[in-house]
Amino acid sequence: MINKINGLLQEIQALKANSAEEVEKIRIKYLSKKGEISQLMNDFRNVPAEQKRELGQMLNQLKSAATERLAQLKESLASQAESSKSEIDLTRTATPMPFGTRHPLSIVKNEIFEIFGAMGFTIAEGPEIEDDWHVFSSLNFPPDHPARDMQDTFFISRSAGDILLRTHTSSVQTRTMERQRPPIRIICPGRVYRNEAISARAHCFFHQVEGLYIDRNVSFADLKQCLLYFAREMFGPDTKIRLRPSYFPFTEPSAEMDISCHICGGKGCAFCKGTGWVEILGCGMVDPNVLEACGIDSKEFSGYAFGMGIERITNLKYRVKDLRLFSENDVRFLHEFDAAR
Ligand code: PHE
């Protein structure tokens, strides 16, 4: 009997179970009324009196060892089930992500791209940190021109040739002319910087789209037709344009273009200050000095250029009253343009 008890003890310590059914089988085999341990208890009645004490103790130990082992097996099964339970519920619907909206400046910029794209203009881009040559000198700015002054331009370094933040994207036009032979037909979008106090009507940075067309026999009439087409596409087919003489160092002749006020239809209102016209861009025929500075023969080629502020066009289209709204990243402002997207 001693051997039998020791054998069972070893057996019980080595028991393993992978499921609740297996645990139950073990219980029945060892601990039920007809189980092995109960059987031994029955046999115990026939044990000689002098062995009863020792065997009784061993049997009790065996029974509690079996009960304990069974509890251990149950517990480890339960914790296994817990840890294998997946944290992710794959049947749940995904959390809806709210869509962002396009920035009004991007909406208008894309519209400008489309209009000029239809006329064969392609997009050219260049660096925002520029040198004096590409922003000023190549564009026929006299050395003492006020635009070079510290008040307008953010200089980064004044040694080893001035390094500065571009004040217009005309610098991309010079870079393209230096690289590419005519015909050139590009628009140059991008951010530009001017050292101005920030207010509702001015900011130290804004966005431009400038255009350049260089080929043989390009005339002022071509420029005017191109800009008329743009104005009508952008502001509606009834839009009129007006060119006023102006001055830019890099164009000759130069002009500023107004469009008929599309708010009052040209009758005069608070928006156009009673004039019926609003200014939208600067333009002109590229000065021969600029062509020559970029290595283009000014006797063979001529061209026109124009430049506009995207903020200005956006204000005219959507009447944004405060320039600062464009860079404040307030989603409530952006959501006002949901419909225009
Ligand atoms: N570069 C000018 C500006 O920034 C705009 C312009 C471009 C005017 C081309 C004429 C021709 O104000």
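This is a short talk on one predicted protein model with a bound ligand, covering the ligand's surroundings, a covered helix, the aromatic pairs and some backbone details.

Let me begin with the ligand. There are 13 residues around the ligand, and among these H168, S170, R194, Q208 and E210 come nearest. Three of those residues place a polar side-chain atom close to a nitrogen atom of the ligand: for E210 the distance is 2.7 Å, for H168 the distance is 3.0 Å, and for S170 the distance is 3.1 Å. As for how enclosed the ligand is, its accessible area on its own is 330 Å², and the protein covers 89% of that area. If we then ask which elements give two or more residues to the shell, the answer is β6, β9, which runs over residues 277–286, and β10. Of the elements, it is β10 that gives the most, with three residues.

S170 takes us to the next topic, since S170 is also listed among the buried residues of helix α7. Helix α7 spans residues 170–179 and is mostly covered, with seven of its ten residues buried. Those buried residues are S170, S171, V172, Q173, T174, T176 and M177. What covers them? The cover includes the strands β2 (129–131), β5 (184–193), β6 (205–215) and β10 (302–309), together with the helices α6 (132–135) and α9 (288–293).

One residue of β2 deserves a closer look, namely E130, which lies in that strand. Is E130 buried or exposed? Its relative accessibility is 2%, and E130 therefore counts as buried, the cut-off being under 20%. The side chain of E130 makes a polar contact with the side chain of R175, at 2.7 Å. Leaving aside residues up to four places away in sequence, E130 touches V135, D162, I163, L164, R166, S171 and R175.

I turn now to the aromatic side chains, where the count comes to 13 aromatic pairs. Take F116 and F306, whose ring centres are 5.0 Å apart and whose planes meet at 25°; planes under 30 degrees apart count as stacked, and so this pair is a stacked one. F116 belongs to helix α5 (residues 104–118) while F306 belongs to strand β10, so the pair ties together parts that are 190 residues apart in sequence. Both partners are buried, F116 having a relative accessible area of 0% and F306 one of 2%.

F306 also pairs with F121, and here the arrangement is edge-to-face, with 6.2 Å from centre to centre and 70° between the planes. This second pair again links distant parts of the chain, because F121 sits in the loop between α5 and β1 (122–123), whereas F306 is in strand β10, 185 residues apart. F121, like F306, is buried. Taken further, ring pairs link F116, F121, Y213, F230, Y304 and F306 into a cluster.

One member of that cluster, Y213, has a charge over its ring as well, for the charged end of R185 sits there at 4.4 Å from the ring centre. A second arrangement of this kind involves R191, which lies over the face of F205, 4.5 Å from the centre of the ring.

Let me add a brief remark on helix α8 (residues 220–235), in which L228 is placed. L228 has a relative accessible area of 18% and so is counted as buried, under the 20% cut-off. Once residues up to four places away in sequence are set aside, L228 touches T239 and I241. L228 and T239 are eleven residues apart in sequence, with their C-alpha atoms 8.3 Å apart in space.

Finally, some backbone details that you may wish to check for yourselves. The peptide bond from P182 to P183 is cis, with omega near 5°, and P183 is placed in the loop between α7 and β5. The peptide bond from E252 to P253 is also cis, with omega near -5°, although P253 is placed in a strand, β8 (residues 251–260). Two residues other than glycine have a positive phi: K273, with a value near 55°, and R319, with a value of about 50°. K273 lies in the loop between β8 and β9 and is exposed, at 67% relative accessible area. R319 lies in the loop between α10 (310–318) and α11 (331–335) and is partly exposed, at 49%.

Note on methods: Residues numbered from 1 in each chain as written. Predicted model: local features only at pLDDT ≥ 70, side-chain atom pairs only at ≥ 80, totals over all residues. Heavy atoms only, no water. Buried < 20%, exposed > 50% of the residue type's maximum accessible area, 1.4 Å probe, protein only. Helix = DSSP H or I, 4+ residues; strand = E, 2+ residues; numbered from the N terminus. Contact = heavy atoms within 4.5 Å. Phe/Tyr/Trp six-rings, centres within 6.5 Å; stacked < 30°, edge-to-face > 60°. Lys NZ or Arg CZ within 6 Å of the ring centre and 35° of its normal. Near = heavy atom within 4 Å. Polar contact = N/O pair within 3.5 Å; in protein donor to acceptor, adjacent residues only side chain to side chain. Areas by Shrake-Rupley, 256 points an atom, 1.4 Å probe, with all protein chains shown as cover.
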